[in-house]
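This briefing covers the overall build of one protein chain and then a single helix within it.

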Amino acid sequence: MDDTQLLRYSRHILLNELGVEGQEQLLASHALVIGAGGLGSPVALYLGSAGVGRITVVDHDTVDATNLQRQIAHTLARVGSPKAASVREAVAAINPDPQIHAVVQRADEALLDELVPQADVVLDCTDNFHTRHLINRACVRHHKPLVSGAAIRMDGQLSVFDARSPGNPCYACVFPEDSGVEETRCATMGVFAPLVGIVGTMQAAEALKILSGLGSRLVGQLLMIDGRDMAFNTIGLPQNPQCSVCGAPHG
């Protein structure tokens, strides 16, 4: 690190849990953020401000006026711009250090198989189960840690799925692909603006801990957030031996 970086990251360096070594690990790391909306905004801003060296942001959508209530990386001036590019501008305005790669494309299987192997951590900031399952399969296939967040109405969820160690559950262990879970979208159900900030910020925190070598205690745990009462509850998540993605019969 040069003198400018030592000053910029001084409050991290003062932490016993991070120090110079941990900050240098962040600077050498690559995070893949899929989704540049309500969750992806605080995720990208905090990863960027914390000094993660490379951040790839994937989103096929454009900024809409209805996004601005909660998607804090975007501005009124960037309505109509690609969300991934807007996030790149927002991060660069805070910290010029990270290399931000904006991918204006839907996250399909081919794109994930290209991008996931390059990343040190993957953050799922999407809002639909089909894409979530594609991300989960790619992370299991390429043995990459996945930080998964969700928020709708006044309720949030957060978990870390780490395919690098056998016996850990994956996203499909908790939400099977054939479960027939009803899709709920912010556009029809609404979402409390600060809730996506809470969940996204916690996703960033878990990713930073993983990247800096601290690890995450949310592996195999599901953190549930009740925004009405600001109540936090955690439940254990065992691996499903019959899981179609990570179960033993399927490798």
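The points below go from the whole chain to one helix and the residue after it. The model is predicted. The protein chain holds 10 helices and eight strands. Its radius of gyration is 17 Å, close to the 18 Å that the globule rule gives for 251 residues, so the protein chain is as compact as a globular protein of that length.

**Dimensions and contacts**

- The C-alpha trace of the protein chain spans about 50 × 40 × 40 Å along its principal axes.
- Counting contacts in the protein chain between residues at least 6 apart in sequence, 66% join residues at least 24 apart.

**Surface, burial and charge**

- Of the 251 residues in the protein chain, 49% count as buried.
- The protein chain has an accessible surface of about 11700 Å², and carbon and sulfur atoms account for 52% of that surface.
- The protein chain carries 18 positive and 26 negative charges, and the mean positions of the two sets are 2 Å apart.

**Helix α4**

- Helix α4 runs over residues 40-50 and is mostly covered, with nine of its 11 residues buried.
- At the start of α4, Gly 40, Ser 41, Pro 42, Val 43, Ala 44 and Leu 45 are among the buried residues.
- Further along α4, Leu 47, Gly 48 and Ala 50 are buried as well.
- An α-helix has 3.6 residues a turn, so residues three or four places apart point the same way.
- Gly 51 follows α4 and has a positive phi, near 95 degrees.

Technical notes: Residues numbered from 1 in each chain as written. Predicted model: local features only at pLDDT ≥ 70, side-chain atom pairs only at ≥ 80, totals over all residues. Heavy atoms only, no water. Buried < 20%, exposed > 50% of the residue type's maximum accessible area, 1.4 Å probe, protein only. Helix = DSSP H or I, 4+ residues; strand = E, 2+ residues; numbered from the N terminus. Rg over C-alpha atoms; globule rule 2.2 N^0.38 Å. Contact = heavy atoms within 4.5 Å. Areas by Shrake-Rupley, 256 points an atom, 1.4 Å probe, with all protein chains shown as cover. Lys, Arg positive; Asp, Glu negative; His and termini not counted. Charge placed at Lys NZ, Arg CZ, Asp CG, Glu CD.
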